[in-house]
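Here are some notes to read alongside the structure, written for someone meeting a sheet of this kind early in their studies. Please keep the picture open while working through the points.

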Amino acid sequence: GPVVHYGSRSYMDTYFGINPSQAADTGLSEYEAKQGIKSYGISGTIMTTLKKRYFVVIFANYSRLTGYASNSPLVQKRGDPNQFMLGFSLAYAL
């Protein structure tokens, strides 16, 4: 279903902000990311039983960075606001 992710100021600045030292090292502009909606998108999971105790889980997620996250020079110059994830797991129940 639909998903929305919110980031605190600390989270957003840690992952999307660029401090003066990082700017000097990377050539990117300094940037202070503030709290707010980080992304929105859609996510789905399918789980099925293979045999009596074996389970397979497949999940997929698409999210679009928005606000302070998408405006970060990290995303603008080196990343992409479109984020995709696909995963698979196999489980055994005792």
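1. Ile46 lies in strand β2, and in this predicted model the residue counts as exposed, because its relative accessibility is 57% and the cut-off for exposed is over 50%.

2. Ile46 also belongs to a nonpolar patch on the surface, whose other members are Leu50, Tyr54, Ile58, Leu86, Phe88, Leu90, Tyr92 and Leu94, and these residues together have about 1,100 Å² of accessible area. Which strand gives the most to this patch? It is β4, with 4 residues, while β3 and β4 each supply at least two residues.

3. Thr48 is found in strand β2 as well, which covers residues 36-49. Is Thr48 to be called exposed or partly exposed? With a relative accessible area of 40%, Thr48 is partly exposed, because that class takes in the values between the buried limit of 20% and the exposed limit of 50%.

4. The surroundings of Thr48 can be described through its contacts and one distance. Leaving aside residues up to four places away in sequence, Thr48 touches Tyr54, Phe55 and Val56. The C-alpha atom of Thr48 is separated by 8.9 Å from that of Ile58, a residue 10 places apart from Thr48 along the chain.

5. How are the strands arranged as a whole, and in what order? There are 4 strands forming an open sheet, in the order β1-β2-β3-β4, with antiparallel pairing. The edge strands are β1 (2-7) and β4 (82-92), each of which pairs on one side only. From one strand to the next, the twist averages 25°. As background for this point, the strands of a sheet pair through backbone hydrogen bonds, and the pairing may be either parallel or antiparallel.

6. The pairings can then be taken one at a time, beginning with β1 and β2, which run antiparallel and are joined by 6 bridges. In this pairing, Gly7 stands opposite Gly36 in β2.

7. Strands β2 and β3 also run antiparallel, and 11 bridges join them; Thr49, for example, stands opposite Phe55 in β3. The connection between β2 and β3 is a hairpin, which joins the two strands through 4 residues.

8. Strand β3, made of residues 54-65, pairs with β4 in the antiparallel sense over 11 bridges. Two positions help in following this pairing by eye: Ser63 stands opposite Gln83 in β4, and the bridge partner of Phe59 is Gly87, again in β4.

9. The last point concerns a helix and its placement on the strands. Helix α1, which spans residues 9-16, lies across β1, β2 and β3. What angle does helix α1 make with β2? The helix runs at about 85° to that strand.

Terms used:
Residues are numbered from 1 along each chain as its sequence is written. This is a predicted model: local features need pLDDT of at least 70, side-chain atom pairs count only at pLDDT 80 or more; totals for chains, interfaces and linings use all residues. Side-chain values use heavy atoms; hydrogens and water are left out. Buried means under 20% relative accessible area, exposed over 50%, partly exposed in between (1.4 Å probe, protein chains only). Contact means heavy atoms within 4.5 Å. Two strands pair if DSSP finds at least two bridges between them. Axes are lines fitted to C-alpha atoms, for helices over the stretch in contact, and angles run from 0 to 180 degrees between N-to-C directions. Patches are made of residues with over 30% relative accessible area and no salt bridge: like charges are joined within 9 Å, nonpolar side chains (Val, Leu, Ile, Met, Phe, Trp, Tyr) within 5 Å. Accessible areas come from the Shrake-Rupley method with a 1.4 Å probe; for residues, only the protein chains shown count as cover. A salt bridge is a side-chain nitrogen of Lys or Arg within 4 Å of a carboxyl oxygen of Asp or Glu.
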